[in-house]
Amino acid sequence: MTLFGLAQRGMSAQLVRMNAAASNLANAGSVAGSEQEAYKPIRAVFAEDLDRASGLATVEVQGVVREQAAAVRQHNPDHPLADANGDVWEAPVDENAEMVEMLEASRQYQNLVEALTTAKQLMLDTMRMK
């Protein structure tokens, strides 16, 4: 496992995290005719992956799971998707939390890009010394 491999895995994980938050933001405010049909936010699940040969640990994306948050009931009898009681169900997406999630993921991605840039520059400087 090289520094480039470690950074690539980290960048891929942050990309999955960012895509999940973007999907949640895209579905914020969406409504459905029943609680079961309402959009449920998704989250990336990560695990540590230890390379025993080198002793380095990196991240692995285990999957993307749906949260079990309950949809928000709103009484709106004029809505075309309203049920028999006149209720629609809104996706339980906290837009502020999703924006924070996206900012954190993008900063982590940027940190990994900076680490790669620094490593590349150090390699070039070392080659120029010879």
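Trainee: Which residue's side chain meets that of Arg-128 in a salt bridge?

Mentor: This is a predicted model, and in it both residues of the pair belong to helix α2 (residues 95-129), where being 3 residues apart separates them by about one helical turn. The N to O distance is 3.1 Å, which falls within the 4 Å that a salt bridge requires. The partner of Arg-128 is Asp-125.

Trainee: Which of these categories, buried, partly exposed or exposed, does Arg-128 count as?

Mentor: Its partner Asp-125 has 34% relative accessibility and counts as partly exposed. For Arg-128 the relative accessibility is 59%, and the cut-off for the exposed class is over 50%. Arg-128 therefore counts as exposed.

Trainee: Which residue forms a salt bridge with Glu-67?

Mentor: Glu-67 lies in the loop between β3 (56-66) and β4 (72-75), whereas the partner is in strand β2, so the pair ties together parts that are 24 residues apart in sequence. Glu-67 is partly exposed, at a relative accessible area of 27%, and the partner, with 23%, is partly exposed as well. The closest N and O atoms are 2.9 Å apart, and the residue that pairs with Glu-67 is Arg-43.

Trainee: How many residues apart are Asp-49 and Arg-9?

Mentor: The side chains of Asp-49 and Arg-9 meet in a salt bridge, with 2.8 Å from N to O. The pair links distant parts of the chain, since Asp-49 belongs to strand β2 (residues 42-51) and Arg-9 to helix α1 (residues 3-26), and the separation is 40 residues.

Trainee: Is Arg-9 buried or partly exposed?

Mentor: The buried class is reserved for a relative accessible area under 20%, and Asp-49, at 25%, is partly exposed. Arg-9 has a relative accessible area of 21%, so the class for Arg-9 is partly exposed.

Trainee: How many salt bridges does a search of the whole structure find?

Mentor: The pairs discussed above include Asp-49 with Arg-9 and Glu-67 with Arg-43. The search covers the whole structure, and the number of salt bridges found is 7.

Trainee: Which strands stand at the edges of the open sheet?

Mentor: The sheet has 3 strands in the order β1-β5-β4, with antiparallel pairing. β4 and strand β5 (residues 87-90) pair over 4 bridges, and in β5 the bridge partner of Val-72 is Glu-90. Each edge strand has a single partner strand, so one side of each is left without a neighbour in the sheet, and these strands are β1 (31-32) and β4.

Notes
Residues numbered from 1 in each chain as written. Predicted model: local features only at pLDDT ≥ 70, side-chain atom pairs only at ≥ 80, totals over all residues. Heavy atoms only, no water. Helix = DSSP H or I, 4+ residues; strand = E, 2+ residues; numbered from the N terminus. Buried < 20%, exposed > 50% of the residue type's maximum accessible area, 1.4 Å probe, protein only. Pairing = 2+ DSSP bridges.
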